[in-house]
Each structure stands twice: as C-alpha cells, then as structure tokens.
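Dear colleague,

I am passing on the structure we talked about, with some notes to read beside it. Please keep it open while you go through them.

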Amino acid sequence: MEKLSTKSKKGFFYYVEKGGNALPHPALLFGIFALTIFILSGIGSLLGWQGVHPATGKEVEVFNLMSRDGIHFILLSMVKNYTSFAPLGIVMVAMLGIGIAEHSGLVKSAINAMLAKTPPHLITVMIVFTAVLSKVAGDLGYLLIIPLSGVIFHSVGRNPLVGMSAAFAGVSGGFSANFVITSLDPLLAGLTQEAAQILDPNYVVLPTANYYFMATSAVMVTIVATVVTVKWVEPRLGRYTGDVPQEEIAQPTKLEKKGLRNAGLCFLAWFVLLGIGLVPENGVLRGAGGGLLNSPALIGFISLLFLTFATAGAVYGFTVGKYKKGADVMSGMNESMKSLAAYLVLVFFAAQFIAWFKESNLGIMLAINGATFLKNADIGLIPLVILFILFTAMTNFLMGSASAKWAIMGPVFVPIFMLLGYSPELSQAVFRIGDSITNIISPMMSFFALIIVYYQKYDKKAGIGTIVATMLPYTITFFICWTALLIIWIVFNLPLGPGVSLYYGM
C-alpha cells in the first residue's frame, strides 16, 4: 500500500486510529474486564454495596469472586461458561452451511449474475440493495461486492469510487439492516438473552427479535444510500480521470447458469417443505398448540439456515464440477471453521467476563443505579434512544466488533431498559442502529484498511481522509433517517419482530 498523504496522516482520524491500535487485542481486553470484575466484586463486598431488586423486592448484595466460594465458582464453571455461551453454537452451525455456499462458488455466481444483468439506470440502487443482502454470506460484501461495484461503475463510464462508496454504505453502513435473518441476528440475540437473564432468568430472545424493524430498515438504507450517492457523492467526486482501463463484467458461463438453476430449485424445494410443515393447522413444524411463533422452524431457524445453504451450495458445487466427492463438501465446512478461529478465542474470554459479571451481581447493581438515575432524570424514551444511539456510534471509534461491543454494553444497558419498562429487544434494536452508522468512517472497522486499498486502485493518493470525507454524508443521513424510523416505530407502538413488543413488564 502506498504511503498516506501527510494531511490524511495527521488528521483527527489518524489519531483515533493510532489510539485504537494501542488498545489490547479484543480477547485480551475481555480478560482484563473479567479481572476487573473479579477485583470490583471484592471491593464491593467489602464496602457492602447493595440494592433492592425491582422484580422480587429483595435486597441484592455483591457476590465476592475473591472469596473461597467465588474461587470455586470460577474454577468449576470455566468450561461450562464457554460451551454454554449462547452465541457460540449458533454462529458455528450457521457458518457451516454458509461456508459450503461460499466455498462452492454459489454466492459469488448468484451476486455476479444479479449485478451483470442490471439496467444502467438501476445500477446504483441494485448495488446498494445487493450490498445490504450480502451480509447473509458474512464478509462477502467487503471481499466481493465493493471491488466489483467499482468495476461495474467504471465499465459504464461512471466514477468507480462512487460505485465502491455506494456498496460500502450498503455493506457496512447498513450493517444490521436486511430482508432476511443473517448470522448477526442470532449472535446478537444470544448476547441480549444472556444480558436479559441477569434480571429475568427465563427470558428468551429469538433471532427474529428485530426482524420487522430491520427489514424495513433495509428499505430505508437502500433508498437513502442511493439518494446520497446520486445527489451528493457522485457530483462531488465528478468524472473519473484516472488511467485504470475499464473492465468487463464476467457473465455467468453456461455451466454456472445451470448450477444457479439447480441451486434455485433446491432452495425452492426447502421453501415448499417449510410451507407444508407450517401452513396446515396440524403441520409437523408447528409448535405446541399449533402455534407459529413457538414453532421449531422459528426457534430452530439456524438449523434451517444450515440445511438450505449447505444443500444448495453442495448442489451448485457438484453441478459446476467444483465438487467431485463428499470430502470436497467437507472442505467447504473446514474453510468456514478456519475463519472462526479468532472468534472462538475471543468468545472464551467474553463468556468468562459475562458469567463473572452476572454471578457477582454487579450487573444488577449497575442496572438498578443506572435505571434510578435515568428515572430521576426523566428524559423519556425517545431522548434515551437518541443518546444510546450516539453513545454506541462513538464507541465504534474505539472497538470495531459489533459482538464485542454488545457483549460489554448489553449486560449494562439491557437490564437498564428492562427496569425502565422497555424490552431487551428494543435495546438491541437501538444498539444496532448506533453500531451501523459509523462503521463506514471508523478506522477501527476491521476492513477499513482493505477499503483504502480498493480506493487506491483508482486513486493513488486516496487515504483515510478520502474515505471519511466521502462516507460522512452517508453516516449523517443514516443517523437522521434511522433514528426517525425508530421514533415512528415507538410512536405507533409497532412490533419489532414476530410477537415482540417495545415494552417489558416485570
């Protein structure tokens, strides 16, 4: 990568990046947090910290993890804390299925076919729309959609930096918004459930907790990003005058088209089977009493995600010749597991931190005191939501991982929302807005350096300042429009997801 310009190096975001890089590794950071909880529990117990649990009316005292019983708890629960950590199994199973779809080439061919056939006047909106949808396949949007969007814009005579900016806004600025459930939904739901159970041990948060709101948000993100691209970013960047030659979009080959058709039939077969199991009143996939909300198909959505993507990916792979035998399919799973290595390490420390935080009762104490402060402040739900969005957005400049941030913030803010009478699902939705809007201007975002490389392909002088200046209009507009959308949701008391209310009753 070329050296960044002096101006971009010495700007505000340069110092943010330098300060963020000085932080310990996220896994080590969770270890430090766990050690802090260990020490604070001893101090709190010594000083007699206590409060009154609003649900039971009983006094709550800090449990001293430094005591004999505390040491026993730490040693005896360490393995269980890790293996029973809610997001762990969910993410691993989901990635096994998606890994096959990626490894076989199904996801790449499907996206390529979708974009290659788009009429010129719909290219911008289709790129943003595809970028939003790409989160179904994890980080594929960063690795494929963004650079491909530059190629598409350049091939039709438009500035490639504009195309990549539009895709970046859809992939990362609209990080949480989608029309379908992605691996992020069960991941955050698991963390939210862990946090909610600090107050309510029986509370369950489903992956569909924010589905209605996030599906609507996907429409909003697509429209807003398209308008900002056409009305602001493209006029500002102007025509491309660089020396990079135009590239042609590769149309799917005859064999790839056959693979896409067969994979599509596989998806269709699964939808038919799902309908047969859900539509009849006595359908095999309906839950107890014939209900839909408690059906195995909804609660066990990750299993369906694994089955559909795994089989469709395998069908595509065998059709195009990528796979010759069953062992080749297993290779796709192996590759997806390799990508989770860092996550598995991080989760070990995050699981200990959350378990210790919960067992020490410090989470309840913070929630009680925080809720008392907010109640006394009497700022109301909408100001609370706006402040939480801004707070989360700012933390993006210190820590890029959504799951890492929510693992730290959830055990504090979810109980606070609950004590104020608002559902854990609402606090999760508010967090997801704040977490998304500043991804595109934060050097702490894990793919930010890669985005710089993409930009430098067409502009050798591009650096952090170039990207921040280009993407800042998206961030500002997303904040205004997304916050307004949530306020509308609150005013009309709309459900966030199937059977999910904005409010919580003890």
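Below are the notes on a helix, a loop residue and a surface patch.

This is a predicted model, in which local features need pLDDT of at least 70 and side-chain atom pairs count only at pLDDT 80 or more, while totals for chains, interfaces and linings use all residues. Residues are numbered from 1 along each chain as its sequence is written, and side-chain values use heavy atoms, with hydrogens and water left out.

Helix H18 (residues 381-395) has 15 residues and reaches 21 Å from its first C-alpha to its last, close to the 21 Å expected at 1.5 Å a residue. Among its buried residues (under 20% relative accessible area, 1.4 Å probe, protein chains only) are Leu381, Leu384, Val385, Phe388 and Ile389. The buried residues of H18 fall within an arc of 165° seen down the helix axis, so they line one face, whereas Leu387 and Met394, on the other side, are exposed (over 50% on that scale).

Ser360 is found in the loop between helix H16 (341-359) and helix H17 (362-377), and it is buried, with a relative accessible area of 0%. Leaving aside neighbours within four places in sequence, Ser360 is in contact (heavy atoms within 4.5 Å) with Ile37, Ser41, Glu61, Val62, Phe63 and Leu65.

Lastly, Leu46 has its place in helix H3 (residues 26-47) and is exposed, with a relative accessible area of 75%.

Best regards

Terms used:
Helix = DSSP H or I, 4+ residues; strand = E, 2+ residues; numbered from the N terminus. Expected span 1.5 Å × (residues − 1). Arc of directions from axis to C-beta.
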